[in-house]
Amino acid sequence: ATPISIMVATGRAAGLGIVFRQGDALQRLRNVRVAAFDKTGTLTVGRPALSDAQPLDGSLDCPTLLAAVASVQSASEHPIAHALLDAARTESLPLSPVEGFEALTGAGVRGRVDGHDWLLGNEPLMRNSGVPVEAGVTARIQALAGQGKTVFLAARDGRLAGILGVADSLRPGAREAIDRLHALGLKTALITGDHTAAAQAVAGELGIDIVHAQTLPEHKAEILRGLQRDAGTLAFVGDGINDAPALATADVGIAIGQGTDVAIESADVVLMNEDLNSVARAIALSRLTLRNIG
Ligand code: ADP
Ligand code: MG
């Protein structure tokens, strides 16, 4: 390929909403063997809505649970937090100020509301914080996650107080995007901090080959390096929330949408069109442009 044909190709890609930030990304895309995806905000639209809320403490009714949980979440930027705030607004629930808020990345959040300490997050977070979780609750988490929902627990003053779930929809075109990558001979993978059952539900619906769930943000890069060893040159596609290190570790980091500034800076390619089919399109364009070199 000549410098001119590469310029023509990157120009064509830009016209389709595929922006190459690194000059050699087009070359590296040609050899990609495995495409790994973030789940929330990438394969899903990332705007979940509250689907389930159940008090686990007899002294709490559902509106009280929701109001307290939404009050803690008002200080969080996680998509889960947005779902809770939307629900509180819809139900006109009164929010209280949160004190001592802390985000526990990849696990949950904590804060003090109306004189109570609240801890919100996944089951491992509860166990690590000394909050007992009965087998019946674990089974309920499993059942909700099996429907592809993201589940979290709420503990008040160190005791389990509720189980909540949010549901996100798949990004339009996601199934086709995965099919097209398989047609190009690639393997596909899903990497998420979410529960294994939720990850498997999404992967099953999309036909994704490899699933890594319940991964902590700091372990995502390590998992990518394992995939590179097993499968070869790797592209990672993420929306940039919590996944800047993964975008930087991949041979080709692809950020979807406007994303965060950090994500854009860590990415080699930006899909301005927010279309997952652009991943296969970019790889096909790269192969076509560079077909004549060894
Ligand atoms: P993902 O990799 O899908 O973006 P995260 O690493 O952000 O997932 O979160 C992993 C898990 O931690 C969630 O599935 C949820 O159970 C819990 N969690 C994270 N943030 C929050 C929050 N703000 N409120 C409640 N639970 C949370
Ligand atoms: Mg995400």
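**Around ligand 1**

Guide: Helix H3 (39–43), helix H5 (79–90), strand S5 (108–113), strand S6 (116–121) and strand S7 (150–156) each give at least two residues to the shell around ligand 1. Helices (H or I, at least four residues) and strands (E, at least two) are DSSP runs, numbered from the N terminus. This is a predicted model: local features need pLDDT of at least 70, side-chain atom pairs count only at pLDDT 80 or more, and totals for chains, interfaces and linings use all residues. Residues are numbered from 1 along each chain as its sequence is written, while chains are lettered from A and ligands numbered from 1 in the order in which they are written.

Visitor: Which residues come nearest to ligand 1?

Guide: Out of 21 around the ligand, His78, Gly106, Asn122, Phe152 and Gly193 do. A residue is near a molecule if its C-beta atom, placed from the backbone, lies within 6 Å of it.

Visitor: What makes S5 and S6 a pair?

Guide: Pairing takes at least two DSSP bridges between two strands; S5 and S6 have 6, antiparallel, so they pair. Val113 sits opposite His116 in S6. The two strands form a hairpin with 2 residues between them, and Asp114 in the turn has a positive phi of about 50°.

Visitor: How do you know that S6 and S7 pair?

Guide: Again by bridges: 4 of them, in the antiparallel sense, with Gly121 opposite Leu153 in S7.

Visitor: Why does the radius of gyration agree with a compact globule?

Guide: The rule is 2.2 Å times the number of residues to the power 0.38, over C-alpha atoms. For 294 residues that is near 19 Å, and the protein chain has 21 Å, so it agrees.
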